[in-house]
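Open the model in your viewer and keep the selection box at hand. We will go from the whole chain to single side chains.

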Amino acid sequence: MTDEKMEAIQNVVDRVTSWQDGAPEGTVEAELRKGFGEVGVDVSEHDTRRLADAIESEHGAVSAERVLAG
């Protein structure tokens, strides 16, 4: 994965993480998909779900690179 793509993914993850507390079920994943579309990065459904799960469970800063590497 290129540095530019990872940076774009991290920016979307940071944006969604900043407001996700109290978001209805499924909102985090939907907002990730929307954000990835807005910045023009293709992220698989599997990886989007992994990132959403991390955001919902960690309730803090999430490293997209760490989540996607694991």
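Start with the cartoon. Read along the sequence, the pattern is α-α-α-α. That gives 4 helices and 0 strands. Keep in mind that this is a predicted model.

**The whole chain**

Show the C-alpha trace. Along the principal axes, the C-alpha atoms fill a box of roughly 30 × 25 × 20 Å. Is the radius of gyration what a compact globule would have? A compact globule of 70 residues would come near 11 Å, and the protein has 11 Å, so the two agree.

Now colour by burial. Of the 70 residues, 37% count as buried. Switch to the surface. The accessible area comes to about 4,100 Å², and carbon and sulfur atoms own 49% of it.

Turn to contacts. Take those between residues at least 6 apart in sequence: 49% of them join residues at least 24 apart.

Next, colour the charges. There are 7 positive and 16 negative ones. The mean positions of the two sets are 3 Å apart.

**Salt bridges**

How many salt bridges does the structure hold? The count is 8. Three of them are stops on this tour.

Select Arg 15 and Glu 38. Their side chains meet in a salt bridge, with 3.4 Å from N to O. Arg 15 belongs to helix 1 (residues 3-19) and Glu 38 to helix 2 (residues 27-39), so this pair ties together parts that are 23 residues apart in sequence. Check the cover on the arginine: Arg 15 is partly exposed, at 38% relative accessible area.

Move to Arg 33 and Glu 29. This salt bridge spans 2.5 Å, N to O. Both residues sit in helix 2, 4 residues apart, which means a separation of about one helical turn. Is each partner buried or exposed? Arg 33 counts as partly exposed, at 36% relative accessibility. Glu 29 counts as buried, at 12%.

Stay on Glu 29 for a moment. Which residues does Glu 29 contact, leaving aside neighbours within four places in sequence? They are Glu 45, Thr 48, Arg 49 and Ala 52. Helix 3 covers residues 45-58, so select that range to see the contacts of Glu 29 in their setting.

Now pick Glu 58 and Arg 66. The closest N and O atoms of this salt bridge are 2.9 Å apart. Glu 58 is partly exposed, at 34% relative accessibility. Arg 66 is also partly exposed, with a relative accessible area of 46%.

Then select a wider group: Glu 29, Arg 33, Glu 45, Arg 49, Asp 53 and Glu 56. Salt bridges that share partners join these residues into one network. Glu 29 and Arg 33, visited above, are linked directly by their own salt bridge.

**Gln 20 and Thr 17**

Go to the loop between helix 1 and helix 2. Gln 20 lies there. Is Gln 20 buried or exposed? At 6% relative accessibility, Gln 20 counts as buried, since the cut-off for buried is under 20%.

Show what surrounds Gln 20. Beyond residues up to four places away in sequence, Gln 20 touches Val 28, Ile 55, Glu 56 and His 59. Glu 56 is also a member of the salt-bridge network. Add a distance label from Gln 20 to Glu 31: their C-alpha atoms are separated by 9.5 Å, and the two residues are 11 apart along the chain.

Step back to Thr 17, in helix 1. Thr 17 counts as buried, at 15% relative accessibility. Which residues does Thr 17 touch, not counting those up to four places away in sequence? The list is Ile 55, Gly 60 and Val 62. Keep Ile 55 highlighted: Gln 20 touches Ile 55, and so does Thr 17.

**Last stop: Ser 57**

Select Ser 57, in helix 3. Here the selection reaches the outside: Ser 57 counts as exposed, at 53% relative accessibility. The cut-off for exposed is over 50%.

Draw one final distance, from Ser 57 to Ala 8. The two residues are 49 apart along the chain, and their C-alpha atoms are separated by 22 Å.

Technical notes:
Residues numbered from 1 in each chain as written. Predicted model: local features only at pLDDT ≥ 70, side-chain atom pairs only at ≥ 80, totals over all residues. Heavy atoms only, no water. Helix = DSSP H or I, 4+ residues; strand = E, 2+ residues; numbered from the N terminus. Rg over C-alpha atoms; globule rule 2.2 N^0.38 Å. Buried < 20%, exposed > 50% of the residue type's maximum accessible area, 1.4 Å probe, protein only. Contact = heavy atoms within 4.5 Å. Areas by Shrake-Rupley, 256 points an atom, 1.4 Å probe, with all protein chains shown as cover. Lys, Arg positive; Asp, Glu negative; His and termini not counted. Charge placed at Lys NZ, Arg CZ, Asp CG, Glu CD. Salt bridge = Lys/Arg side-chain N within 4 Å of Asp/Glu carboxyl O.
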